[in-house]
Amino acid sequence: MSVDLNGIGQGQVNTQRTTADKPANSQNAGQTAREQTKAQSARGENVNLSSQARNLKQLEQKLGDYPEMDDERIEEIRTALANGTYKVDAEKLAQKMLDMDKSIFG
């Protein structure tokens, strides 16, 4: 199996030209883009997403519902650090580090 280091693998290259890629002939020259799309749909050309792509899209939508940062939590931690009341649970921190290591390296 060969891998292209430019990011395109051998199976990802489409060398065939479809009718949509070819120059318009006299028959298609008068058609609008909407008519051409309708004609392509009538020929059965459509796109189907894989189950993995659908799952990724759902995950992306769920993540979009969450704020990027929890401003309240950030301010709470800043205040605790400034007051000297912020405490680190060493066991909890160590366990999270081990969990992350396991998720990355297996």
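# Exercises on a five-helix chain

Leu81, Tyr86, Val88, Leu93 and Met97 make a nonpolar surface patch of about 510 Å². The model behind these exercises is predicted.

**Exercise 1.** State where Tyr86, one of the patch residues, lies in the chain, and whether Tyr86 is buried, partly exposed or exposed.

Solution.
- Step 1: Tyr86 belongs to the loop between H4 and helix H5, the latter covering 90–105.
- Step 2: The relative accessible area of Tyr86 is 38%.
- Step 3: Buried means under 20% and exposed means over 50%, so Tyr86, at 38%, is partly exposed.
- Step 4: A patch residue needs over 30% relative accessible area, and Tyr86 has 38%.

**Exercise 2.** Compare the span of helix H4 with the expected span, and describe the residue that follows H4.

Solution.
- Step 1: H4 takes in residues 71–83, which gives 13 residues.
- Step 2: At 1.5 Å a residue, 18 Å is expected.
- Step 3: From the first C-alpha of H4 to the last, the model reaches 18 Å, close to that expectation.
- Step 4: Gly84 comes after H4 and has a positive phi, near 80°.

**Exercise 3.** Find the salt bridge in H4 and explain how its partners are placed.

Solution.
- Step 1: The side chains of Glu76 and Arg73 form a salt bridge, with 2.8 Å from N to O.
- Step 2: Glu76 and Arg73 are about one helical turn apart, because they stand three residues apart in H4.
- Step 3: An α-helix has 3.6 residues a turn, so residues three or four places apart point the same way.
- Step 4: Side chains of opposite charge can pair when their charged atoms come close.
- Step 5: Both partners are partly exposed: Glu76 has a relative accessible area of 49%, and Arg73 has 38%.

**Exercise 4.** How many salt bridges does the whole structure hold, and where do Glu60 and Lys57 lie?

Solution.
- Step 1: A search of the whole structure gives two salt bridges.
- Step 2: One of them joins the side chains of Glu60 and Lys57, at 3.6 Å from N to O.
- Step 3: Both residues sit in helix H3, residues 51–64, three residues apart, or about one turn of the helix.
- Step 4: Lys57 is partly exposed, at 44% relative accessible area.

**Exercise 5.** Describe the elements and the surface of the whole chain.

Solution.
- Step 1: The chain has five helices and zero strands, and from the N terminus the order is α-α-α-α-α.
- Step 2: Of its 106 residues, 2% count as buried.
- Step 3: The accessible surface is about 10600 Å², and carbon and sulfur atoms account for 52% of that surface.

Technical notes. Residues are numbered from 1 along each chain as its sequence is written. This is a predicted model: local features need pLDDT of at least 70, side-chain atom pairs count only at pLDDT 80 or more; totals for chains, interfaces and linings use all residues. Side-chain values use heavy atoms; hydrogens and water are left out. Helices (H or I, at least four residues) and strands (E, at least two) are DSSP runs, numbered from the N terminus. The expected span of a helix is 1.5 Å times one less than its number of residues. Patches are made of residues with over 30% relative accessible area and no salt bridge: like charges are joined within 9 Å, nonpolar side chains (Val, Leu, Ile, Met, Phe, Trp, Tyr) within 5 Å. Accessible areas come from the Shrake-Rupley method with a 1.4 Å probe; for residues, only the protein chains shown count as cover. A salt bridge is a side-chain nitrogen of Lys or Arg within 4 Å of a carboxyl oxygen of Asp or Glu. Buried means under 20% relative accessible area, exposed over 50%, partly exposed in between (1.4 Å probe, protein chains only).
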